[in-house]
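Let's take a walk through this one together, beginning at the ligand and working outwards. Keep the 3D view open as you read.

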Amino acid sequence: MKVQVDQSKCQGHNRCYAIAPELFDVDDLGNAFAIGDGVVEPHLAEKARLAVANCPEYAISIVEE
Amino acid sequence: MTTLDEKSIYGPVTNWQSDFDHADPSYNENAHAIWSELRGTCPVAHTERYGGTWLPVTHDLVHEIAYDTEHFSSRGVVVATVKPSDLPDAIPAPIGGAPPITSDPPFHQDARRILLPAFSPKTIDLWEPEIRLLCRELIADMKAADVVDAATQFAQHIPVNVIARMLGFPPEDGEKFRGFVHDVLEAINLEPGKRAEAFMALDAYIAKQVQDHIDNPRDDLTNFLLNAKIYDQPLSLQHVGGSIILLLIAGIDTTWSAIGSSLWHLATNPVDRRRLVDNPALMPTAIEEFLRAYAPVTMARVVKDDYNFHGNEMKQNDWVLLPFPAANRDPKEFENADQVLIDREVNRHAAFGLGIHRCLGSNLARLELRVAVEEFLAAFPDFELAPDEVVKWSVGQIRGPRELPVRINARTL
Ligand code: HEM
Ligand code: SF4
């Protein structure tokens, strides 16, 4: 399982970074990106789902592999 | 408390579907019931007031307009008796008088980018100790009293002090700032000449502060803006002044309202108050839920050209209100939308807007709100609305308690 942030949709609400700092980081402009290659360890799967469900811009998606 | 400002040019509202007025005090007092009723009848209310204004109340419609910069301009974001199109000297789209909030694409993005780094989460986090200290000082000042006003003695001072420090403006001018904010956001229904006078006073004050920063540069946001460039040119003084006015106006009533409404909730819901005192780990979801349920900010747009919006014949230069607070209470988008659930984990609220104008100060606003609630609860773990006193709500697009007398039943220390 991987998380992805669609940079064209992200507006920097920072909900993802607050919910799951293990998975998301923010740049100098306050826009989010997935840490590393976005791989979600099983113990963080719930946090990943919450980040998706709380992003006001529908910018985050989960890719199952 | 249900009379209009005596200076208003309009009378009391007779019908919320066809003659609404968001500056009628009964609007903010009864907002949740009004939106709920409108959602069931017509999801887009209309009024002839302010030269023609529309009010969509569902999440879908608010979302659609916020994203549609082709038909809706941000040239005017505060509905008032004066329209941008009435002012021959007004700075036209896509720049507008207070970039980036009054700007449209493509200029908007470039004006916004200048300010983003100063408000990124990592820059803003550095302010936490100072904000906490400020809250503690305010609490120390009211420690002994049995009844305190959580709005006027506490909430309102926090954003005023923080933004004064960021801009490098005299902290003792706080009272003045609140006056300007009132003129811009609440005194919207005055006769147009009176409104123009209020703006002139604000412009003159800002010009003086900017000149002082040109003469005596220092390390603050005002000098940062004076040194900033757009398209390889320094920002015009007009742009600098407009952005400063925006930062001053955008952060004060809004954050004050968010803190006030959250404390109002805790004063009226002892179970939630106790849960938060006993289990501070609930704070993050509680804060997001207060932002959803009591979202303080409704924005506005101006219709660019005549446009049929879902059967509503909008005319060029009509106002459209964007009630993010109503979107946040739409039962189609949120389960149990009218219940305040401080452990709500799935909460895709739009308190800070949607799309390209997402509140630039949202990281700061969240920090101020969280620290204010934490410190108030730590000092006063038990409080309730003061019996025999009245809570007074704001009027206009920013909703929150302006007077919030609470009785302190337990204090630490
Ligand atoms: C709880 C407090 C706050 C709330 C609910 C709030 C809400 C909003 C909303 C809904 C917008 C979108 C405007 C639109 O769509 O036209 C906005 C924009 C903005 N806010 Fe806030 N705000 C708050 C506090 C602050 C603070 C503390 C600051 C800065 C000191 C600030 C600065 C701004 C700026 C500069 C914009 C314009 C962004 C742009 O147009 O790109 N706000 N705010
Ligand atoms: S929550 Fe969504 S909009 Fe906000 S920073 Fe994360 S990805 Fe971007």
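Four elements of chain B each put at least two residues into the shell around ligand 1: the helices α4 (107-115), α12 (237-268) and α16 (362-379), plus the strand β7 (299-303). Which of them gives the most? That would be α12(B), with six residues. Bear in mind that you're looking at a predicted model.

Now for the shell itself. Ligand 1 is surrounded by 28 residues, and the closest are H108(B), R112(B), R301(B), H357(B) and C359(B). If you sort the shell by character, you get 18 nonpolar residues, seven polar ones and three charged ones.

Some of those closest residues are worth a click. Take the iron atom of ligand 1: what does the protein offer it as a donor? There's a single one, the SG atom of C359(B), at 2.3 Å. If you want to find C359(B) in the fold, go to the loop between α15 (324-327) and α16 of chain B.

Then there are the oxygen atoms of the ligand. With H357(B), an N or O atom of the side chain is 2.6 Å from an oxygen atom of ligand 1. The side chain of R112(B) likewise has an N or O atom 2.7 Å from a ligand oxygen, and for R301(B) the corresponding distance is 2.8 Å. All three distances fall within the 3.5 Å cut-off, so these pairs count as polar contacts.

Let's move on to the aromatic rings. Over all chains, the count comes to 16 aromatic pairs. One of these pairs joins Y27(B) and W35(B), edge-to-face, with 6.4 Å from centre to centre and 75 degrees between the planes. Are these two buried or exposed? Both Y27(B) and W35(B) are buried.

F177(B) and Y205(B) make another edge-to-face pair, with their centres 6.0 Å apart and their planes at 70 degrees. This pair links distant parts of the chain: F177(B) belongs to helix α9 (residues 174-186) of chain B and Y205(B) to helix α10 (residues 192-215) of chain B, with their positions 28 residues apart in the numbering. Here too, F177(B) and Y205(B) are both buried. Rings also gather in a bigger group: F154(B), F376(B), F380(B) and F383(B) form one aromatic cluster.

Rings meet charges as well. In chain B, the charged end of R402(B) sits over the ring of W256(B), 4.1 Å from the ring centre. Another arginine reaches across to the other chain: the charged end of R348(B) sits over the ring of Y58(A), at 3.9 Å from its centre.

To finish, have a look at two leucines. L225(B) is in helix α11 (residues 221-227) of chain B, and L321(B) is in strand β10 (residues 319-322) of chain B. Why does L225(B) count as buried? Its relative accessibility is 1%, and the cut-off for buried is under 20%. L321(B) counts as buried because its relative accessibility is 1%.

Distance along the chain and distance in space are worth checking for each of them. L225(B) and A281(B) are 56 residues apart along the chain, and their C-alpha atoms are separated by 38 Å. L321(B) and P56(B) are 265 residues apart along the chain, yet 7.2 Å separates their C-alpha atoms.

Notes: Residues are numbered from 1 along each chain as its sequence is written. Chains are lettered from A and ligands numbered from 1 in the order in which they are written. This is a predicted model: local features need pLDDT of at least 70, side-chain atom pairs count only at pLDDT 80 or more; totals for chains, interfaces and linings use all residues. Side-chain values use heavy atoms; hydrogens and water are left out. A residue is near a molecule or strand if one of its heavy atoms lies within 4 Å of it. A polar contact is a pair of N or O atoms within 3.5 Å; within protein, one must be able to donate a hydrogen and the other to accept it, and residues adjacent in sequence count only if both atoms are side-chain atoms. Ala, Val, Leu, Ile, Met, Phe, Trp, Tyr, Cys and Pro count as nonpolar, Asp, Glu, Lys and Arg as charged, and the others, Gly among them, as polar. Rings of Phe, Tyr and Trp (its six-membered ring) pair if their centres lie within 6.5 Å; planes under 30 degrees apart count as stacked, over 60 as edge-to-face and the rest as tilted. Buried means under 20% relative accessible area, exposed over 50%, partly exposed in between (1.4 Å probe, protein chains only). A charge sits over a ring if NZ of Lys or CZ of Arg is within 6 Å of the ring centre and within 35 degrees of the ring normal. Donors are N, O and S atoms within 2.8 Å of the metal (3.2 Å for Na, K and Ca); water is not among the atoms, so sites may look incomplete.
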